[in-house]
Structures are given as C-alpha cells and as structure tokens.
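Biologist: I would like a close look at one part of this protein, with its surroundings described afterwards. Please keep to what the coordinates support.

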Amino acid sequence: MAAMEQQTVLQFAPSSSSTLSAKVHPLVIFNICDCYVRRPDQAERVIGTLLGSVLPDGTVDIRNSYAVPHNESSEQVALDIDYHHNLLLSHQKVNPKEVIVGWYSTGLGVTGGSALIHDFYSREVPNPIHLTVDTGFSNGEGTIKAYVSVNLSLGDRPLAAQFQEVPLDLRMVEAERIGFDVLKTTMVDKIPSDLEGMEISTQRLLALIDDVYKYVDDVVEGHTAPDNNIGRFISDTVASLPKLSPPVFDKLVNDNVQDHLLLLYLSSITRTQLSLAEKLNTAAQIL
C-alpha cells in the first residue's frame, strides 16, 4: 500500500471579520484630507486614530479621527504614542462615548509597514479597523477602503496576518455629498456656492423622482415585478410630504431663498468690516 504524502495545511484563525462592516461619516474623510494637506514636507503619508463606537448589530461606526505624528522608513515605523494617548484623553473629555475603533492611513491600499501599525492598535482595541484613503487619486478619484487583520496559522502556530477588506458604508446628507463630490474630483474651477449647491441638489432630486415615476409605471404596465417593500417605502414617503398648494409652496421656497441671500449679504458686510478694521489697526501700529 502506497504511503500517503504528508501535506502542509495553512488555515485562517477563526474571526468575526466575515460579518464585520464599517460605516464612516464624511467628517472623518474631510479631516483626513485636511491632515494630508498640512503634513510635513518629508512625510509621504498621514497616519491617525479612528474614533467611534460599535453598534448593536456589530457595525463599526467611525465618527471622528485625529492624526498621529510618525516617522517611517523601509524597515520600521515610529509612532508618537504619548501624543496619541494625550489627544485621546482630550477627545474623550468632550465625547466620552467615542472610543478607539481603528486607525487610518493615506494612500492606495495596504503597505509594508501597515502590519506593524496594526499590531500596535490591536493592543489598544480588539479587531481594529484599518481605513485607507487614496488622497493621491491614483484611480482618478479618492478610493476609500476598510480592512481587518486575519491571522494565518500553521496548525496551532501563528505565521502571519493578512488584511481582508470589509464592506464600508459612506452615508451623508445632501450638503455633505456636494462637498464630497468636489473633494474627490482631481480638478475643479471653483467651489460651488450655496445657490449652486442647491441647484445641484434639486436636479438630483428631480432625477430620483423620475426614476420613481418610471418604476411605478413599469409595475402598473406589468413590465416589472412589484415589490411590497418598495411600495410601502414610496407610500410612506409620499404620506410624509405636507399638502401644500403650488402658490403656497412657491412662496415658502422664495422666502427661504430671500433669507439665504440676506445671510450671504450680512456675512459679506461682516468680512468687509473685519478687513477694514485689520488694515486700520495695522496702519495705527505703523504710525
């Protein structure tokens, strides 16, 4: 009888990462991009801590972040741990419910030194999230991904750790979406004004309404199978709208636009007064 060949079996350690997901708020992305712009000249990327909480369904809710100074070479990564802990204490004085949920780095994907940094944050919190933000727009836009570390073992002996991507949800209100669309564009002529942002939001809303109209017509004509959940959602949405006549609705919108223009005018006057006061103060110091 021929002897059976002995095989080496590598296996992943059991982990809850297969069911883990993350949700990141736009404030975190804006903060990371701002830290990247303000980074030291010799730094190629920015590293920082992610703050948030774990929701009852297991989703990691990332709500805040701060950068951590570091020095990085091809062989080692040095983090300013004292700075990290001091800033964490300051944040928790304001938001005591926010705890460490992971860390972030700028760049596309995982790099060689990521395992060392992830090992440090694994001692701070179990199963931390690693968020990467491509501020270099390698693919033409800012790619955002989330990872967790999965241990690779040989029998009972751990060998290495592998980063596994997990689902990431980026939810935002309309005003945040406009800013995010501008942020992920490599080149823009100018930042849209508030009125231009309102126009973009209105056009997107009209496009969504057209999609709903098309779906309802297709269901009525028998081209699309009806879905009770979608029908209830549309019904609840329509029922939540106030019943206003077109003249009343036009007056409400016009009044809000006039109030908005008044605020813009007052803020412009305030900036002019501050500029004049600064110039008069400078002239007085020279004389």
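Is Arg63 buried, partly exposed or exposed, judged by its relative accessibility? Please start there and work outwards.

Modeller: The model is a predicted one. Arg63 counts as partly exposed, because its relative accessibility is 24% and the buried class ends under 20%. The side chain of Arg63 meets that of Asp61 in a salt bridge, with N and O 3.1 Å apart. Asp61 itself is buried, since its relative accessible area is 6%. This pair is therefore made of one buried residue, Asp61, and one partly exposed residue, Arg63.

Other salt bridges can be set beside this one. The structure holds six salt bridges. One of them joins Asp218 and Lys214, whose closest N and O atoms are 3.2 Å apart. Asp218 and Lys214 are four residues apart in helix α5 (residues 194-220), so about one helical turn separates them. An α-helix has 3.6 residues a turn, so residues three or four places apart point the same way. Asp218 is buried at a relative accessible area of 17%, while Lys214 counts as exposed at 53% relative accessibility. Returning to the starting residue, salt bridges with shared partners join Arg63, Asp61 and Glu98 into one network. A further salt bridge links the side chains of Arg38 and Asp34, at 3.0 Å from N to O. Here Arg38 is exposed, with 64% relative accessibility, and Asp34 is partly exposed, with 34%.

Between Asp61 and Arg63 in the sequence comes Ile62, and the hydrophobic side of the description begins there. Ile62 is among the residues with the most contacts inside the largest nonpolar core, along with Ile29, Ile129 and Leu131; that core has 24 residues. Elements giving two or more residues to this core are the helix α1 (26-37) and the strands β2 (22-24), β4 (60-67), β7 (99-106), β8 (129-133) and β9 (144-154). The most comes from α1, which gives six residues. Leaving out residues up to four places away in sequence, Ile62 touches Ala22, Lys23, Val24, His25, Val28, Leu50, Leu51, Val101 and Ile129. There is also a second, separate core of twelve residues, which includes Leu79, Leu88, Ile117 and Tyr121.

Tyr121 leads to a set of polar contacts. The side chain of Thr49 makes a polar contact with the side chain of Tyr121 at 2.7 Å, and another with the side chain of His84 at 3.1 Å. Thr49 lies in strand β3 (residues 47-54), and His84 lies in helix α2 (residues 81-94). Thr49 counts as buried because its relative accessibility is 0%; His84 counts as buried for the corresponding reason, with a value of 0%. In sequence Thr49 and Tyr121 are 72 residues apart, yet their C-alpha atoms are 8.7 Å apart in space. Beyond its neighbours within four places in sequence, His84 is in contact with Thr49, Tyr66, Val68, Ile100, Phe120, Tyr121 and Glu124. On the same basis, the residues touched by Thr49 include Asn64, Ser65, Tyr66, Val68, Ile100 and Tyr104.

Another histidine, His70, is found in strand β5 (residues 70-72). His70 is buried, with a relative accessible area of 18%. Apart from residues up to four places away in sequence, His70 touches Arg45, Val46, Ile47, Val77, Ala78 and Leu79. Leu79 is also one of the residues in the second core.

Helix α6 (residues 228-240) is a contrasting case. The count of buried residues among its 13 residues is zero, so α6 is hardly covered under the 20% limit for burial. At 1.5 Å a residue, α6 should span 18 Å, and its end C-alpha atoms are 18 Å apart, which agrees. Asp227 caps the N-terminal end of α6, with a side-chain oxygen 2.9 Å from the backbone nitrogen of Asn229.

For the protein as a whole, there are seven helices and eleven strands. Of its 287 residues, 26% count as buried. The accessible surface comes to about 19,900 Å², with 57% of it belonging to carbon and sulfur atoms. Among contacts between residues at least 6 apart in sequence, 62% join residues at least 24 apart.

Definitions and conventions:
Residues numbered from 1 in each chain as written. Predicted model: local features only at pLDDT ≥ 70, side-chain atom pairs only at ≥ 80, totals over all residues. Heavy atoms only, no water. Expected span 1.5 Å × (residues − 1). Buried < 20%, exposed > 50% of the residue type's maximum accessible area, 1.4 Å probe, protein only. Polar contact = N/O pair within 3.5 Å; in protein donor to acceptor, adjacent residues only side chain to side chain. Salt bridge = Lys/Arg side-chain N within 4 Å of Asp/Glu carboxyl O. Core = buried A, V, L, I, M, F, W, Y, C linked by side-chain atoms within 4.5 Å. Contact = heavy atoms within 4.5 Å. Areas by Shrake-Rupley, 256 points an atom, 1.4 Å probe, with all protein chains shown as cover.
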